[in-house]
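Work through the exercises below with the sequence and the 3D view side by side, and try each task before you read its solution.

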Amino acid sequence: MRLYDLEQERVVLAGILAHQDYFMAEIEPFINENDFYSKESITYKTIFMRMKALLDEGKKLDIALLSHHIKSASLTFKDVDCAGFLDGLGILSEQLDEAGFKNAVDVIKLLTLRRKMSEAGGQISKEMETLDSSASFDEILEKCDEAYNSKIELFENSSGNATNLFSIIGDLV
């Protein structure tokens, strides 16, 4: 299974266009450019970052504004016709409701979790290969814990305790 879904990433970008207030209030705290992933391209990640920067500046997003900012930053994408891609986002955004937007966000967040767990597995494997053969059970678990925690994004909640973002995203969004 691939650890990314470009179609769902495209739906999220269209959802940001269509539901900007909802995105800023409900989705934005849980999503970042690392949720847009592909070994072949950084196009979607770059477009997301431009959209987010414009929204953070208080701008009202539309295709014309986004296109202008991409062109003025001299951004080009080898794998995507930018004008056609943005036009497609505009059309998709007109058909997308908040539920469809949230569903696409959920999909890409779960794929991010899978990527991070895959990375943690690779790191754990490397740690186990280099760990001294006399390591205790607790030392082995500690190394596994360190690898896991280095890959899973944590954030501070209002209580000041670290909380795994993925365990509560469904309840909050």
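A crossing of two helices is called right-handed if the near helix is turned clockwise from the far one by less than a right angle, and left-handed if it is turned anticlockwise. Please keep in mind throughout that the model is predicted.

**Exercise 1. The chain as a whole**

Task: Find how many helices and strands the chain has, and in what order these elements follow from the N terminus.

Solution. Begin by counting the elements, which gives eight helices and two strands. Next, read them off from the N terminus, where the order is α-α-α-α-α-α-α-β-β-α. Then turn to burial: of the 173 residues of the chain, 38% count as buried. The surface that the chain exposes comes to about 9,900 Å², and carbon and sulfur atoms supply 51% of it. Finally, consider contacts between residues at least 6 apart in sequence, of which 72% join residues at least 24 apart.

**Exercise 2. The two sides of helix 2**

Task: Determine which residues of helix 2 are buried, and how they are arranged around the helix axis.

Solution. First list the buried residues of helix 2, which spans residues 20-27; they are Gln20, Tyr22, Phe23 and Ile27. Looking down the axis of helix 2, you find these buried residues within an arc of 160°, so they line one face of the helix. A general rule helps here: an α-helix has 3.6 residues a turn, so residues three or four places apart point the same way. Now look at the face of helix 2 turned away from the buried side, where the exposed residues Asp21 and Ala25 are found. As a last step, ask what covers the buried residues of helix 2; the cover includes helix 1 (6-18), helix 3 (43-56) and helix 6 (98-130).

**Exercise 3. Three packings of helix 3**

Task: Decide for helix 3 and helix 4, for helix 2 and helix 3, and for helix 1 and helix 3 at what angle each pair packs or crosses.

Solution. Take helix 3 and helix 4 (residues 63-72) to begin with: they pack at an angle of about 115°, and their axes are 10 Å apart. Because angles of 65 to 115 degrees count as roughly perpendicular, helix 3 is roughly perpendicular to helix 4. Helix 3 passes helix 4 in a right-handed crossing. Ile47, Arg50, Met51 and Leu54 of helix 3 make the contact with Leu65, Leu66, His69 and Ile70 of helix 4.

Continue with helix 2 and helix 3, which pack at an angle of about 90° with their axes 12 Å apart. By the reasoning used above, helix 2 is roughly perpendicular to helix 3. Here the contact is made by Gln20, Phe23 and Met24 of helix 2 together with Phe48, Lys52, Leu55 and Asp56 of helix 3.

End with helix 1 and helix 3, whose axes come within 11 Å and cross at roughly 15°. Helix 1 and helix 3 are therefore roughly parallel to each other, and their crossing is left-handed. In this pair, Leu6, Glu9, Arg10, Leu13, Ile16 and Leu17 of helix 1 meet Tyr44, Ile47, Phe48, Met51 and Leu55 of helix 3.

**Exercise 4. Two single residues**

Task: Find out in which helix Leu6 lies, and which residues Leu6 touches when those up to four places away in sequence are not counted.

Solution. Leu6 is located in helix 1, and with a relative accessible area of 31% it is partly exposed. Leaving out residues up to four places away in sequence, Leu6 touches Tyr37, Ser38 and Tyr44. From Leu6 to Phe36 there are 30 residues in sequence, and their C-alpha atoms are 8.1 Å apart in space.

Task: Work out how accessible Ala83 is, and how far apart Ala83 and Ala64 are in space.

Solution. Ala83 belongs to helix 5 (residues 82-95), and it counts as partly exposed at 46% relative accessibility. Although Ala83 and Ala64 are 19 residues apart in sequence, the distance between them in space is 9.8 Å, C-alpha to C-alpha.

Notes:
Residues numbered from 1 in each chain as written. Predicted model: local features only at pLDDT ≥ 70, side-chain atom pairs only at ≥ 80, totals over all residues. Heavy atoms only, no water. Buried < 20%, exposed > 50% of the residue type's maximum accessible area, 1.4 Å probe, protein only. Contact = heavy atoms within 4.5 Å. Areas by Shrake-Rupley, 256 points an atom, 1.4 Å probe, with all protein chains shown as cover. Arc of directions from axis to C-beta. Axes fitted to C-alpha atoms, helices over the stretch in contact; angles between N-to-C directions. Parallel < 35°, antiparallel > 145°, perpendicular 65-115°, else oblique.
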